[in-house]
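Thanks for making the time this morning. I would like to walk you slowly through one structure, and it will help if you keep it in view while I talk.

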Amino acid sequence: MVSWTWLLPLAIILSSLIPGLLIFSLKERQEKLRTFLNLTGALVKMALVGVMLYGVSNGVEFRFSLPFLPGGGLLLKGDALSLQFVSLSSVLWLATTVYAIGYLEDSPLRSRFFGYFSLCVSATVGLALAGNLVTFLLFYELLTLATFPLVVHRGTKAALRAGRVYLVYTLAGGAVLLMGVVLLHTEAGTPDFVPGGYLSGMDSEGNFSSTVISGLAGERDFTLTVAFVLLVAGLGVKAALIPLHGWLPQAMVAPAPVSALLHAVAVVKAGVFGLVRVVYDVYGIESVRELHLNQPLLWLAAATIIYGSVRALEQRELKKRLAYSTVSQVSYIALGVALAGPLAATGALAHLVHQGLMKVTLFYCAGNFAETLGVHRIEGMNGIGRRMPLTMAAFTLGALGMIGVPPLAGFISKWYLGLGALEVGQDWVLLILVASALLNAAYFLPLIYRGWFAAPPDEWPEDKRWPALHPLLGETHWMLLLPALFTAVLSLLAGLLAGLDISPLAWGQLIVEREFAP
Amino acid sequence: MPDAEWLFDGTLGILLLVLAGAALHARSLYAAVVMFIALGLMLALTWARLGAPDLALAEAAIGAGVTGALLFSTLYKAGMDRHKRATPNRIALLLPGLAFLLLLTAAWPLPEMHSPLPDQVMAHLKDSGVSHPVTAVLLNFRAWDTLLEVSVVLIALLGVRQLYPSHGEVPTPWPLMLAWGRLLAPLTVIVGGYLLWRGTDAPGGAFQAGTVLAAGGVALRLIGVLPPLGWHQWPVRLLVLAGVLVFVAVAALTAWLGQGWLHYPTGSSKVLILLIELMATASIATTLTLLVVGEKRELRP
Amino acid sequence: MTDWLALLSWVPLLAGAFFFLAGTVGLLRFPDIYSRLHAITKADTLGLGLVTLGLIMRAENWQAVAVMVLIWLLMMGSGATTCQLLARYQQDLEAPDADKEPVHARR
Amino acid sequence: MSTTLFYLAIGIGLWLMGLHGLLATRQSIILVLAINIMSSGTFMVMVALATHSDPVDPVLQALVVTGLVVAVSATALALRLAASRRRRTEDDAT
Amino acid sequence: MNPALLSLLTPLATAILMLLCRSRAAVWTIAASLLSLVAAIAALYQVTTDGSQLIHLGGWESPLAIRFRVTALSALLLAFTALIHLLVGLYAARSRHSQTRNTDYWPLSCFLHASLASLWLSTDLFNWYVILELLGLTAVALVSLAGTKAHRAAFNYLLLSLAASLCYLLGVALLYGRYGVLDSLLLADMLEADHTTRTALLVITLGLMLKAALWPLHLWLPPAHAGAPTAVSALLSALVVKGPLFVLWMLWSQVAPVELGRQAGPAMAAAGVAALVSAGWSACRTPHIKTLVAYSTVAQLGYALLALGMLLRWGVRELHVALWLFVFAHGLAKASMFLAAGEMQSTLGSKKVSALRGATQTVPVAMFAFAVAGGSLIGLPPSGGFLAKWVLLQPLLLEPSHWPWALGVLLGTLASAAYVFRVIALSFDRAPPPRPDYNPDPVAQWLTLLPALLVWGMALGGETLILWMSGVAY
C-alpha cells in the first residue's frame, strides 16, 4: 500500500496530460477516438481521485517529488485542501467534456481545442496538488499558457483582443508572483506547505522553532509584508480581485464550455486556491494577523463583492452578467480567508466547491440558450422556460443558490461566513453579505421572472432541433442538457446533505480542524 | 633628444597627421587613396625610425603595396563618384580633443615602464632554433598567434569567395608594361626568397616575403602573363592551404606525439620553423594575389 | 681620407636637394599634366642620382654602395615607366584614337 | 626618452583621427581608409612602447607584424564587400 | 593529448581538409562537431576529477608563452559550442530553404567552432585579439553567404567589428606598456587602479561591448543577424555574441582591481536594464520576424550585463552561475527561435511578422518551437531561462536596497513576454488560404524544436547543474 503511493498524484496529472497530447496528434475527423480518449481520461481521473480521497481520509500520505531547484524541488502532495479542489475539478471536467463535445459538434479545430482543454485541466490539478510554492508557480504559469489558446479558439477579432488582454494581465501577474516567490525563498527558503503555515513556525532568524513569531525583526517584517503583497497581487489577477479583474468579462467571448470550466472553475479558483494556500499554509493565520495584513485583504474582498454585483446589474448580455457575478462570488472565498477565523475558513472552503457547482450550471444553461435558441441578451430570455423547461429549471436552481436562498448550497456557505465574521468581531462584514445577497437577487430574479412568466416571442432567433434520446429531454442536444442537470442536482445535494461527512461543508470542516490544530 | 633628431621626428610626425587628415577629408576618392598610399610609405619610414626593420619591410610591402593596389582596383571597379565632404562641426572636434588628453595622460608614464619579456626572449633565443628575436617570437614563443593569423588570411579569402566578384576585363597590356613586368617578376622572386631565408637571423620572414611575392604575382596577373589561378585546380588550393595545413599538422603531431601543443622537439625547431615559414610564404603569396586580383572565374567554388 | 670625402659629399647632397625642390616647384607651377610629368620625372631622377652619389661617398662598405646603386636603377626604371603610363593614359583620355581600344576599361 | 612619448602622441592622434573618420563619413572606401589609419595609430602606439627596452622589444614587434597581416586581410575583405555593395547600388540605379 | 585540445583541433582540421578536397558534404561538419562534443565532455570529466589545468603552449615558461586554461567553465563552454554547432548543422543539412546546402557554410562553420573553442581556452590578451578578429571575419563571411542583399549589413558588421578590435588592441597595448605582461592570469594580481589602467580598461570595455552588441553599441546586430541565412543567424546569436562577453567577464571579474569593478558595476547593470527595455520595445515594433528575434538577442544580453554589473558591485558568487546559466539557456533558446523563425519565413514566403497569421495551422511544429523557445527567453518555469532568472533574482531580492534592480528584471520579463506573445497571439488567428508553392518540411521543423526541448530539459537537471556550477571555481 505504501510503496506505490508516490505514483498516485503523478497518475492523476498524467490521466489528463497523456490523452491531451494524444489528441493533439489526431486528425479532425477522428471524432470517435477523440471522444473516447476524452471520456476515459475523465473517468480514470475521477477513479484515481476517489482512491486518493479514501486514502487521505484514513491518513495515508501521498508524496511525489522531483529535484528541480536547490532548496525547492517539484513536489506533489495529496492533502485535504488540495483534494477538495482536485475532486471539484475532476467532476466538473467530466461534465464539461461531455458538454463541449455536444457544443462543438461540427466546429473546426476541435483536436487543438480538446488538446489544450486537457492540458489546462492537468495544470489545474497539478496546481491543486502542488506541495510547495515553486511547484505551485510552475503549474500557475502553465495554466496561463494552456488557457490562452482556448480563449482565442474562435479566432475572431474580438477573441484575439480578449486573448491579448488576458495575456497582459496573467503574464504580468505571473511575473509579480515569481518576484514574490523568490523574495520569500531568499527570506525563508521553499519548504513544503505546512497546515499551520511554515512562516509562523519560524523565529526571526529564519530557523524553525515551535514559538509563534512574537516580534519579527523590523526589516524581516517589512520583507514578509512586501512578499505577501506581491503574492496577493500575482494571485489576485486570476482571483479577479478589484483592480486586476479586467480580463474576466472580456474573456467571455470564448466558447461556452471554456467560459464554464475555465472562468468559473479552473482559472478563477486557481487564484483563490493560491490565496488560501498562501494565507493558511505559507504565512499561517497568526503571522498574517501579526503583520496586520488580513485587514486590507478583507477590505479588498468586500469591495470586490460589492463592485462585482453592481457591475453585473448593468450588464445586458447574459454571459457578461454571469462573469461579473463570478468576480463578486469568488471574493466571498477571499473574504472568508481574510477573516482568518475557523468558522469563516469553513465557509470559504465550502463556498469554493458550492460556487463552482452553481456557476458551472449557470454557464451551461447560458450556453444552451445561446446554442439552441440564439439567445445572448437578457431581453431575449422572455418565456424561455416554456421552450426549454429543464434548462430553465437548472438555471433557476443555480441562480437561487447564488442568491443564498436556504436550503441551497449558497446559503450554507454564506451562513458560515456570517458566523465567522461575528466570531472574529468584524460585524460590518455581515452588512456586506446581506447587501451582496440583495444585489444578487436584484440581478438574478428578473432573469428567472422573464424565463418563467414573461410571454415568449413569436419565434426564436434560431431554433435548432436535435433527435431526442427521450421525449422529455427533447428541448436541446442531450449532451448539452445532461451536464447542466447533473451539476444542478449536485449543487442541490451539496446544500441539502450539508450535514453528511462527504459533503463539501464537512470536508471544509476537516481541513479547518487540521489547519487550526495548534 | 640628440640634436638634429627632433627636426626629423617633428616633420615626420606632422607629415603623418597631415596625410591622415587629407586621406579622410580629401575632395575626391582618388585624392584620398593617393594620400593614403603616401601615408603608408611614411609609416614604413616611421617604423624604420623607431628601430623596427621587420615592420618597415612589412608595412612597405603590405600597407602601401597590396592595400594600395586593392584600393585602386576597388576604385576602378566601383567608379569614382564625388565624395561628399563630412562637415566637421565644432562639438565633434571637442570630443576627440578630450579623448586625446585622456589617452595621452594614460600613456604618459609608460616610457619609464620596464617589461620582463624582452630579456626572457633574449635568454631563450639560443634554444628557439632561430637567431632573429622577432622571428623567434613569431614562430616559436607565440606560434599559436601566428597560426591563427595565417587562418585569418585564409578566412578573408573564403569571405571574398562568397561575394562572386565581377571580373572587370583586363585591358591589353602595352609593350612597355610587358617589358617592365617581365623585368620586375624575377626580381621580386629573388627578393622574396632572400627575405625568407634571411628571416631566421635578420629582419625578414614569411609575411614580408609572401607579400613581395604577391606583389610580383599581381603585377604578372595584371599584365596578363600569369594565367587565372582557378580554385578548382588542386595545386592552387594546396598552395593557399599550405600554410595553415602544415602549421596545424605540426601542432597536432607535437601535441599528440611530442611534449605538447606546438612544443617543437629540441634540435629540430629550426627545420620545423623553416618548413612552416616556407609554406606560410607560399600560402600568403597565393592568397594575397587571389585577394587582390581574384575574379569570379578563379574563385568559383 | 674619409673626413674630406664626407665634407665633399655635402656638395652632391645639396645639389640633389635643390633639384628635388625644382621638380616640386615645377609640379605646382606648370599648366598641364604633360609638363608637370616632365618636371617631376626629370628633376627627381637627377636629384635622386645626386643624393645617391653623396650617400655613396659616405658609405662604409661596398655592399651598401651596391645596394644603393641597385635602388637608384630601380627608381629610374619605375619612374620612367610610370611617367610613360600616365602620359599615355592622359593622351587617351583627351583624344582617344579609333583603332586602339581605349586604355581604361569601359565602366 | 621624449621620442617615445612623441610617437605615442602621434599614434594616439592617428587612432582618434581614424575613429573620428569612421563616425563622420558615409563613404565606404573612406570608411576602410579610416579603419586602416586607426590600425596604424594603434600599431604606432605599440612600436613606440617597444622602444622602452634597449634592443627594441621583439614581442611587441611580432605582435604588430601579426596585427598588420590581420589588418590587410580584413581590409581586402572590406574593400571587396564595398565594391560588390557599391556595384549592387549601381545595378539598382541603372 | 588533452581532450580540450582535441575538441579545439577537430573542427580546425576538418575545415582545412574539407577545403582541400573541395567537399561540401554536411556529414563532415556534423561528425566534427559530434567528436568535438565527446572530447569536450571528456575534458569536463577530467577537470571535475583532477581540477583545472594550465597548458603552456610551446613549453616556454609563463610570461613568455601563451597559456590555455582548462577550467570547468571553459570545458562546459566547449561542450555548449559543440552542441549548438551539432544542432544547427543538423538543421542546415536538412532545410531546403536556407542557403547553406552546398555552399562554403560547412568549412566556415567549422572555423567558427575552432575559433570559439580557442577563445574559451586562451588566457592571453593579444591572443584574444587575434581570435576575436578571426571570429569577426568568419561571421562576416558567413553573413555574406546570403547573397548581395546581405552585403550592406555584412560590410557594416565588418567595419564595426574591426573598429572594436582596434579599441580592444589599444587597451591591450596600454596594459602591456604599463605592466609588461600579456597573460591575464599574471595581470590579475599586478593591476592597480591608476589612471592608465582605468583608461585601458575603459577602451577595452568599449571595444568588447561594441563587438558583443551590448546595449548602447548594438545597432549593427539586427540587420546583420536578420540578413544572414537562417542557420548562420542562429550560430551568430547563440554563440558569436557570447565570445566577447566571455572576455569582458574574464577581464572584469578576474583581472580588474575590485574597486574599479565596484565603480563600473552599476553602470553595466544600468546598461543591462536599458538593453532589456529598449531592445524589447524595438522588438515589439519591428515588422520583420528575424529582426524581432535579433532585437531579442540584444535584449537578453541585457540580463547577462545586469548579472555582470551586480557581480562586480557586490561580489556575490551566485551571479557567476546566473550569468553563465543565462548564456547557456539563451544560446539554446535563441538557436531554436532563429531556426524556427527562418523556417517559418521561408515556408510562408514572407519576412513580415503579419505573415505568421494562423501559423499554428500552417507551420504548427515550427510555431511550437518558437513558443517553447520564447517561453525560456521569458523565463517561464520549468525552462533553462527560469533557472537562470531564479538564481539571478535571489541576490537581487536579498536586501531592500537591491530591489530596484529586481524591478529591472521584472520589466525585462514583461518586455520579452510582449514581443514573444505578439507573435504567438498572431499565430492563433485563422490562417489565410495557403500559397500555391506551400510545402512545409516537417522534419526540418522538428529539428528546429530540438534545441528548445533541450533548454526545457535543462530544468530537470536544474538542481544538480546549479549546485555543481556554484561549487566550481571561477
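Among the five pairs of chains that touch, which pair has the most contacts? It is the pair formed by chains B and D, and before I go into that, please bear in mind that what we are looking at is a predicted model.

Let me stay with that pair for a moment. On one side, 62 residues of chain D take part, and they are in contact with 68 residues of chain B. On the chain D side, helices α1 (2-24), α2 (28-50) and α3 (58-93) each supply at least two residues of the surface that touches chain B, and the one that gives the most is α3(D), with 24 residues. If we sort that side of chain D by residue class, we find 40 nonpolar, 18 polar and four charged residues.

As for chain D itself, its secondary structure comes to three helices and zero strands, so that is read from the N terminus on as α-α-α. Of its 94 residues, 79% count as buried, and among the contacts in chain D with a separation of 6 or more, 55% are between residues 24 or more positions apart.

Not every pair of chains meets, however. Chain A and chain B do not touch, their nearest C-alpha atoms being 40 Å apart, and no contact joins chain A and chain C either, where the closest C-alpha atoms lie 56 Å apart.Turning now to chain C, I would like to look at two of its helices. The axes of α2 (residues 33-58) and α3 (residues 62-94) of chain C come within 10 Å and cross at roughly 180°, which makes α2(C) roughly antiparallel to α3(C). Where they meet, α2(C) contributes residues including C:I33, C:L37, C:L48 and C:I56, while α3(C) contributes, among others, C:V65, C:W72, C:C83 and C:Q90. By class, this contact has 15 nonpolar, six polar and one charged residues.

Finally, a word on the interior. The largest nonpolar core has 563 residues, and those with the most contacts inside it are A:A334, D:V47, E:V143, E:A163 and E:A307. This core also draws at least three residues from each of domain 1 (1-113) and domain 2 (130-301) of chain B. To take one of those residues as an example, E:V143 is in contact, leaving aside its neighbours within four places in sequence, with E:A150, E:A153, E:A154, E:Y157, E:A224, E:G227, E:A228 and E:V232.

Notes: Residues are numbered from 1 along each chain as its sequence is written. Chains are lettered from A and ligands numbered from 1 in the order in which they are written. This is a predicted model: local features need pLDDT of at least 70, side-chain atom pairs count only at pLDDT 80 or more; totals for chains, interfaces and linings use all residues. Axes are lines fitted to C-alpha atoms, for helices over the stretch in contact, and angles run from 0 to 180 degrees between N-to-C directions. Helices (H or I, at least four residues) and strands (E, at least two) are DSSP runs, numbered from the N terminus. Angles under 35 degrees count as roughly parallel, over 145 as roughly antiparallel, 65 to 115 as roughly perpendicular and the rest as oblique. Two residues are in contact if their C-beta atoms, placed from the backbone, lie within 7 Å. Ala, Val, Leu, Ile, Met, Phe, Trp, Tyr, Cys and Pro count as nonpolar, Asp, Glu, Lys and Arg as charged, and the others, Gly among them, as polar. A nonpolar core is a set of buried Ala, Val, Leu, Ile, Met, Phe, Trp, Tyr and Cys residues joined through C-beta atoms within 7 Å. A residue is buried if 20 or more other C-beta atoms lie within 10 Å of its own, exposed if 12 or fewer, and partly exposed in between; C-beta atoms are placed from the backbone. Domain bounds come from an automatic or database domain assignment.
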